[in-house]
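Thanks for making the time this morning. I would like to walk you through one structure, going from its loops to its charge pairs and then to its surface.

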Amino acid sequence: MAIPLKYNFRSLLVRKVSTAMTAGGIALVVAVFVIVMAMVVGLATTISEAGSPDNLVVLRKGATTETFSAMNLDQFEVLRYLPEIRRDADGTPLISPEIPVQVLMDRIGGGRNNIVVRGVLPVALKVHEQVKITRGRMFEPGVNEVIVGRGLAGRYKNCTVGSLLKFGRNQWKVVGMFDAGGSSFESEVWADVHNIQADTQRGSYFAAARIKTAPGADAEALQRRIADDPRINLSAITETEYYEEQAAVANQLRGLGMVVAVIMGIGAVFGAMNTMYAAVSSRTSEIGTLRALGFSPGAVLGSFLIESLILALAAGVIGVVLTLPINGIETSFGNFMTFSTLAFDFRVTPLIMLEAIIFAGAMGVLGGFFPARQAMKMSVVDSLRRA
C-alpha cells in the first residue's frame with residue numbers, strides 16, 4: 001500500500017524555509033543549464049544554417065576554413081566550366097568566387113570586434129539562395145559599395161543603409177542590408193570581390209569558391225574530379241559538412257556547459273540530501289506511526305523519494321520559467337575557427353526544457369535516496385521511542 005501524495009505535499013509546505021532554499025539551489029542549477037544549452041543551440045544553428053546541401057565549398061587542399069585557403073584564377077576558370085555546375089536561365093554557371101577577410105569594426109557603445117568582410121560577385125545571391133536583400137540594393141561591381149547582414153545592424157557603427165564604413169584602405173558606402181535566414185552570413189559585410197582583391201593586395205587569387213551543383217549531379221564524383229584533375233587540384237566538401245565542422249566550437253561549449261552544470265548539480269544534490277535528512281530526523285514519530293499503520297519499508301522509501309522528486313521537479317520548472325525571457329535575445333560570440341564574431345540568438349527549445357526537467361528530477365532522486373533509505377530502515381519501536 002502506497003502512502004498518499006498529499007502527505008508529501010503537506011510535509012513540504014510545513015518546512016517552508018528549507019524547502020524554499022533547496023528549491024532555489026536546484027532552480028539556479030537548472031537555469032544555468034538552460035542558458036548554456038540555449039547559447040550552444042543558437043550558435044550551432046546559426047553556423048549550420050549557412051550551409052546548403054546542394055552547394056560545394058572548394059578550398060585549397062589541406063585547408064579547413066576559407067581563411068587559410070587560396071586558389072588562382074586559372075584553377076577557378078577550369079572549375080567554372082565543369083558540366084556538373086548548375087546554370088541560370090542565361091547560361092551563367094552558378095559558381096561564386098569569394099574572399100573572406102577579417103576587419104575590426106566599432107561596436108555601438110564601445111569596443112571593437114573582428115567582422116568578416118566577404119568579397120563576392122552578384123552571382124553569390126543565386127548560389128547562396130537564403131540571402132535576400134531586405135533594404136536598399138545589391139552593390140555595383142567595381143564600386144566601393146557594400147551590403148551588410150542584419151545581424152550587424154544596431155550592434156556596430158555605420159551599418160545602416162547610406163552610411164560610410166571605413167576598413168582597409170578605403171571607405172565603403174552601405175547600399176543595402178540582407179537577411180540570411182538566421183545564418184552566420186548575417187554577421188558579415190559583402191563587397192565586390194575584385195575591390196577586396198585590390199584592397200588586400202591579393203592579386204588574382206581568391207580564397208575559395210562556392211558551387212551550386214546541377215540537379216541530378218553526382219556530388220561525390222564532382223568532389224573527386226576537383227581533387228584529381230591536375231588543372232584544379234583543390235578540395236571540395238558539401239556546405240552542410242563544412243559548417244558542421246565549423247560548429248565544432250559549439251560542441252565544445254556544450255561539453256563545458258555540461259561539466260559546469262554537473263559540478264553545480266552536485267552541490268544541489270547535497271543541498272537536497274541535507275533537506276531530506278533533516279526531514280527524516282524531525283519526522284521519526286511520523287515514520288513510526290506510518291509503519292505501525294501497516295505501511296511497508298518500501299512504501300516509506302518510495303514516499304520520501306517521491307517527496308524529494310516533487311521538490312526537484314517543481315524547482316526545475318521554476319528554473320526553466322526564469323530563463324524563458326532570454327529566448328530570442330541576440331548576443332555575439334567569437335568563432336575561433338574563423339577569428340570573427342558571430343551574432344546569434346539564444347534558443348530555449350522544448351528539448352532543452354525537457355532535458356532540464358529530467359536533470360532536476362535526477363538531482364532530486366540522488367539527493368533523496370540515502371535519506372529515504374535511512375527512513376526505510378527505521379524500526380517501528382525505535383521510531384516511536386525516539387519521538
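**Loops, charge pairs and surface patches**

Let me begin with Gln 201, which sits in the loop between helix H5, residues 193-200, and strand S9, residues 208-212. Before I go further, please keep in mind that what you see is a predicted model. Gln 201 has a positive phi of about 55 degrees, although the residue is not a glycine. That is worth pointing out because most residues other than glycine have a negative phi. As for its surroundings, Gln 201 has a relative accessible area of 64%, and since the cut-off for exposed is over 50%, it is counted as exposed.

A second residue of this kind is Asn 233, a residue other than glycine whose phi is positive and near 55 degrees. Asn 233 is placed in the loop between helix H6, residues 219-228, and strand S10, residues 235-238. With a relative accessibility of 41%, Asn 233 counts as partly exposed.

The next loop I would like you to find is the one between helix H3, residues 73-80, and strand S2, residues 95-106, where Asp 88 lies. Is Asp 88 buried or exposed? Its relative accessible area is 17%, and because buried means under 20%, Asp 88 falls into the buried class. Two partners of its side chain can be named. A polar atom of the Asp 88 side chain lies 2.8 Å from the backbone nitrogen of Thr 92, and the side chain of Asp 88 also makes a polar contact, at 2.9 Å, with the side chain of Lys 126.

Now to the charge pairs. Side chains of opposite charge can pair when their charged atoms come close. How many salt bridges does a search of the whole structure find? The search finds 17 of them, and I will take three in turn.

In the pair of Arg 118 and Glu 66, the closest N and O atoms of the salt bridge are 2.9 Å apart. This pair links distant parts of the chain, since Arg 118 belongs to strand S3, residues 112-120, while Glu 66 is in the loop between strand S1, residues 55-59, and H3, with their positions 52 residues apart in the numbering. Both partners are buried: Arg 118 has a relative accessibility of 2%, and Glu 66 has a relative accessible area of 5%.

The salt bridge between Arg 112 and Asp 106 has its closest N and O atoms 3.0 Å apart. Here Arg 112 counts as exposed, at 51% relative accessibility, whereas Asp 106, at 35%, counts as partly exposed.

In the third pair, the side chains of Asp 229 and Arg 231 meet in a salt bridge with an N to O distance of 3.0 Å. Asp 229 counts as buried, with a relative accessibility of 11%, while Arg 231 counts as exposed, with 52%. Turning from single pairs to a network, salt bridges that share partners join Glu 66, Glu 98, Arg 118, Glu 188, Arg 210 and Glu 239 into one network, and you will recognise Arg 118 and Glu 66 from the pair I described before.

Let me move to the surface. Asp 218, Glu 220, Glu 241, Glu 244 and Glu 245 gather there in a patch of negative charge. Which element contributes the largest share of the negative patch? That is helix H7, residues 239-246, with three residues. Glu 244 is found in this helix, and at 51% relative accessibility Glu 244 counts as exposed.

There is also a nonpolar patch on the surface, formed by Met 258, Val 262, Ile 266 and Phe 270, which together have about 370 Å² of accessible area. Met 258 is found in helix H8, residues 248-282, and its relative accessible area of 36% makes Met 258 partly exposed.

I will finish with a residue from the interior, Gly 319, which is placed in helix H10, residues 297-323. Gly 319 is buried, with a relative accessible area of 0%. Its C-alpha is 4.7 Å in space from the C-alpha of Ala 31, although Gly 319 and Ala 31 are 288 residues apart in sequence.

Terms used
Residues are numbered from 1 along each chain as its sequence is written. This is a predicted model: local features need pLDDT of at least 70, side-chain atom pairs count only at pLDDT 80 or more; totals for chains, interfaces and linings use all residues. Side-chain values use heavy atoms; hydrogens and water are left out. Patches are made of residues with over 30% relative accessible area and no salt bridge: like charges are joined within 9 Å, nonpolar side chains (Val, Leu, Ile, Met, Phe, Trp, Tyr) within 5 Å. Accessible areas come from the Shrake-Rupley method with a 1.4 Å probe; for residues, only the protein chains shown count as cover. A salt bridge is a side-chain nitrogen of Lys or Arg within 4 Å of a carboxyl oxygen of Asp or Glu. Lys and Arg count as positive and Asp and Glu as negative; His and the chain ends are not counted. The place of a charge is taken as NZ of Lys, CZ of Arg, CG of Asp or CD of Glu. Helices (H or I, at least four residues) and strands (E, at least two) are DSSP runs, numbered from the N terminus. Buried means under 20% relative accessible area, exposed over 50%, partly exposed in between (1.4 Å probe, protein chains only). A polar contact is a pair of N or O atoms within 3.5 Å; within protein, one must be able to donate a hydrogen and the other to accept it, and residues adjacent in sequence count only if both atoms are side-chain atoms.
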